[in-house]
Structures are given as structure tokens and as C-alpha cells.
Amino acid sequence: MSAIDSLNAIREDALNELAKRSTLDELEQLRASLLGKSGSLTAILRTMGKMAPEERAAVGAEANRVKQALEAAIAERREVLKQAEMQARFDAERIDVTAPGTDKLPTGRIHPMTQTYREIRDALVGMGFQIYGGPEIELDDNNFTLLNLPKDHPARDMQDTFYINENVVLRTHTSPCEIRALKNIKPPFRLIMPGRVFRVDEVDASHSPVFMQIEGFIVDKGLTLGDLKGTLDTFIHAVFGEDVKTRLRPSYFPFTEPSAEMDMSCTICGGKGCRVCKGTGWIEILGCGVTNPHELENCGFDPKEWTALAFGIGVDRVASLKHAISDIRLEYENDARFLKQF
């Protein structure tokens, strides 16, 4: 076989082999076998020195044509394989955002304080109460004076107040919302007033300078302490269950008269007596009373015509009783080890 015939055979075989190469590595191996130092086309070129001048010219020209044809074919095939590899990588990395998930992702949990607040809120809203809010930075008049605590009232010392200036404070309870409601809403009405309150207090297992209260406030004609007791009984049973017993115990608050604290049977021991209830079988749960007539008068209402009932409950206290939490700091510190239990 002449050298030119061998070159044509190499070209035909190479073009046939190109179509079979499916990866860039395979294509590079084919290129090396044809055009590399030990390639078949290179081997023919090395024999040209022994040829007659006329044959050498013809073989050289044909060898250049074959080499150019092979290089062009290899380059074209390389581009095809590159595009195929890019498409394969794209297909492998493509994500169908409409497809349903296959992995079980970790889910968050509702904070126990939020759980408790929602239970309290839902129970009272279900009894006909509406939510009413007020600012955390409050006028001294709304926080104290109009609630029957004038400047010289000794009960102000009970609150340990954060003063911003002489006339502005961080509210020490949610009761200022009562004043705002009396000034802005026409009775009769039933309101719950949730929110954070602030007091100068050392942090320990049962005290915090910032905590959450919910105030209940009812204004209507002819209300009695019996109406308050019935409302609170219904509320406590909705939150803690029908088996819980309640009782009112006389107490003192400057903005209610008469005033009382409500106890309920211990949820830990069922009223038998334990460390939590100090052996009494009872736990204090909230303060309440008939609103002092002076508060109504301060807001322009005739206490002989209108009566108001009020009660206040700490959300953290309810959470502690429902979940047997012995340290309220756990409810505010957001320790993941604690929160994941809920």
C-alpha cells in the first residue's frame, strides 16, 4: 500500500472512530494515537525522508490535507462533547422547585410563652372579650394618678418604677390601658389588654424586670363581684381544666375596691399539698376586684351609673403552672435546650 493510500485509510478510520468517542478523555486518546509523537500519521511523515523527491511532495501535500481534516474533525467533536458534558451537569444540578419535598426538614416550635398567651387570649376572646393595646412608655398620670395613686400614695413604692422623666414612665402594669379605654371607648365593653410591663427588680427564679401581663376589664351597668367570680371561674376552667377548684381571698389594690386574689387548687398535687403550693393545696393565680369609683370619676363616668370589673394575670406564671417550670428565667432566656421540649 502506497503512503497516500495509507493516509486516506488513516483519515477514514479516524472519522469513523470520532463518532464512537463519547467523552473528552476518549477523544484525547484518539487524537494522540493519530497526531501525537507516536501517532500513525506522524509515523508516515517520518518515512518521507527516504522517498524520492516527486513522491515526497505528493505525500507531504496529502499528509497536510489529512492532518488539517483530522484536526478540524477533532475540534468539532470536542465542542460537541463539551456541550454535552455541560448539559449533563446542568441536568444533574437542576432543581424542580415545584416538586414535593423528599427530606424531612427540622421544624420550629412555638415558644411556651406564646403558647400560653394564645391559650389565655383564646379563652377570653371566646367569652366575648376584645383585645385592646396601649404603649409601653406611658404617662405617669395614666400609670398612677388616674388609677387612684396620686403622687404621695404609698402604694407607688410597690411598683419600683423606671422613670424616663418626672411625667413619663415605663408602665409598671397594663392597667393604664383601662384609662385609655375609658377615655376612648363608649361602654359597655369587655376588653383584654396584653403586653410587657417593667419594674425595677432583681432577676431570680421568680422575678424579672420585664414580664408579660394580661389585663381584663369589663365596664357595664349593675355589675357585681359575683359576675367577676363567675367570669374568672369560666376562664380558669378553660385554661386549666374543669377539675381545678378556685376561691377568692380578700386583698388590697389601690385601683379596686373590694379587691381580691384568686387561688386555684394546685395543678401539681391536685390540691393535696406539695412543695410547689407549700403544703396548702392552693396557688395564687391572679389579682382582681371591682374598679375603684375614683378611677371612673377621674375618667368622667358616674360610678353610681357604671361599674367596672378588673383582673390581671401574669403569662409567665400561667406558663410555669401549666408546664411545671420552676424558674421563670427559662421562659425569657431562649435556651434552645429548654425550648425544644415544647
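**Charges over rings**

I looked up K322 first: its charged end sits over the ring of F240, 5.5 Å from the ring centre. For this I required NZ of Lys or CZ of Arg within 6 Å of the ring centre and within 35 degrees of the ring normal. K221 is another entry here, with its charged end over the ring of W306 and 5.0 Å from the centre of that ring.

**Ground rules**

The model is predicted, and local features need pLDDT of at least 70, side-chain atom pairs count only at pLDDT 80 or more, and totals for chains, interfaces and linings use all residues. I number residues from 1 along each chain as its sequence is written, and side-chain values use heavy atoms, with hydrogens and water left out.

**Aromatic pairs**

I searched the whole structure for aromatic pairs and got 6. Rings of Phe, Tyr and Trp (its six-membered ring) pair if their centres lie within 6.5 Å; planes under 30 degrees apart count as stacked, over 60 as edge-to-face, and the rest as tilted.

I took F189 and F217 from the list: the ring centres are 6.0 Å apart and the planes stand at 50 degrees, so this pair is tilted. F189 is in strand β5 (residues 189–198) and F217 in strand β6 (residues 210–220), so I noted a link between distant parts of the chain, 28 residues apart. Helices (H or I, at least four residues) and strands (E, at least two) are DSSP runs, numbered from the N terminus.

I then checked burial, where buried means under 20% relative accessible area, exposed over 50%, and partly exposed in between (1.4 Å probe, protein chains only). F189 has 7% relative accessibility and counts as buried. F217 is buried as well, at 0%.

Next I looked at F235 and F311, whose ring centres are 6.4 Å apart with planes at 35 degrees, so I logged the pair as tilted. F235 lies in helix α8 (residues 225–240) and F311 in strand β10 (residues 307–314), so the pair ties together parts 76 residues apart in sequence. Both F235 and F311 are buried. With F129, these two residues form one aromatic cluster.

**Salt bridges**

Side chains of opposite charge can pair when their charged atoms come close. How many salt bridges does the structure hold? I have 13, taking a side-chain nitrogen of Lys or Arg within 4 Å of a carboxyl oxygen of Asp or Glu.

R196 forms one with E136, and the closest N and O atoms are 3.0 Å apart. R196 is in strand β5 and E136 in the loop between β1 (130–131) and β2 (137–139), so the bridge ties together parts that are 60 residues apart in sequence. R196 is partly exposed, at 42% relative accessible area. E136 also counts as partly exposed, at 27%.

I went on to R247 and D263, whose side chains meet in a salt bridge at 3.0 Å, N to O. This pair links distant parts of the chain, with R247 in strand β7 (residues 246–253) and D263 in strand β8 (residues 256–265), 16 residues apart. Is D263 buried or exposed? D263 is buried, with a relative accessible area of 2%, whereas R247 is partly exposed at 34%.

R337 and D335 form another salt bridge, with the closest N and O atoms 2.7 Å apart. I noted R337 as exposed at 61% and D335 as partly exposed at 23%. Salt bridges that share partners also join R247, R249, E261 and D263 into one network.

**Helices**

I checked how helix α5 (residues 112–125) meets α8: the axes come within 9 Å and cross at roughly 135 degrees. Axes are lines fitted to C-alpha atoms, for helices over the stretch in contact, and angles run from 0 to 180 degrees between N-to-C directions. The two helices are therefore oblique to each other; angles under 35 degrees count as roughly parallel, over 145 as roughly antiparallel, 65 to 115 as roughly perpendicular, and the rest as oblique. The crossing of α5 and α8 is right-handed, meaning the near helix is turned clockwise from the far one by less than a right angle (left-handed if anticlockwise).

In helix α10 (residues 315–323) I listed the buried residues as V315, D316, V318, A319, S320 and L321. A324, just after α10, takes a positive phi of about 55 degrees.

I closed with K67, which is in helix α4 (residues 53–93) and is partly exposed at 35% relative accessible area. The C-alpha atoms of K67 and L41 are separated by 7.7 Å, with the two positions 26 residues apart along the chain counted as their separation.
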